[in-house]
Amino acid sequence: MKNGNIVIVDAVEDESIYKCTELFNVSQGEQIFSGLHTIPLRPNIQFTQGCLDYYMNSNLYHSQLIPLMQGIKVLSLSKSSLQDALIVFPLNRKEQVCIGVFFRHHARLIILHQHKYILQT
């Protein structure tokens, strides 16, 4: 796998099944593999860092995938069901950068407040 690739969880016991992460800062020559119960994705087009990752972890994207869940106790996801999901993104790379930066800062702010809350309790 390389920078910009996405790894999606494909089998779990709750609705975190469709959580994903984007790879970045992968050194050239470094070998990274997708593990068990994951689906590796390599986008056909280039996205700026964070834009696709944040979209694919959004409620908008997940709401498309919930009807595609299979199983009762252990939920699973197939590669073919992912192909039916619609990915909406801005073509303008500057706008993609702004989205990635905004959500990265937002995530950091949430973490800071969580740490502050933990320290106060």
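This report describes the sheet, the nonpolar core and the aromatic pairs of a predicted model.

Local features need pLDDT of at least 70 and side-chain atom pairs count only at pLDDT 80 or more, while totals for chains, interfaces and linings use all residues. Residues are numbered from 1 along each chain as its sequence is written, and side-chain values use heavy atoms, with hydrogens and water left out.

Three strands form an open sheet in the order S3-S1-S4 with antiparallel pairing, where strands (E, at least two residues) and helices (H or I, at least four residues) are DSSP runs numbered from the N terminus, and two strands pair if DSSP finds at least two bridges between them. S3 and S4 are the edge strands, each pairing on one side only. Strands S1 and S4 are joined by four bridges, and Val9 has Thr38 in S4 as its bridge partner.

| Strand | Residues |
|---|---|
| S1 | 6-9 |
| S3 | 20-22 |
| S4 | 38-41 |

The largest nonpolar core, a set of buried (under 20% relative accessible area, 1.4 Å probe, protein chains only) Ala, Val, Leu, Ile, Met, Phe, Trp, Tyr and Cys residues joined through side-chain atoms within 4.5 Å, has 16 residues, and Ile6, Ile8 and Tyr61 are among those that touch the most other members. S1, helix H1 (51-56) and helix H2 (59-65) each supply at least two core residues, and H1 gives the most, with three.

The structure also holds four aromatic pairs, counted when ring centres of Phe, Tyr or Trp (its six-membered ring) lie within 6.5 Å, with planes under 30 degrees apart called stacked, over 60 edge-to-face and the rest tilted. The Phe102 and Phe103 rings have centres 5.0 Å apart and planes at 80°, so this pair is edge-to-face. Together with Tyr54, Phe102 and Phe103 form one aromatic cluster.

Note on methods
Buried < 20%, exposed > 50% of the residue type's maximum accessible area, 1.4 Å probe, protein only.
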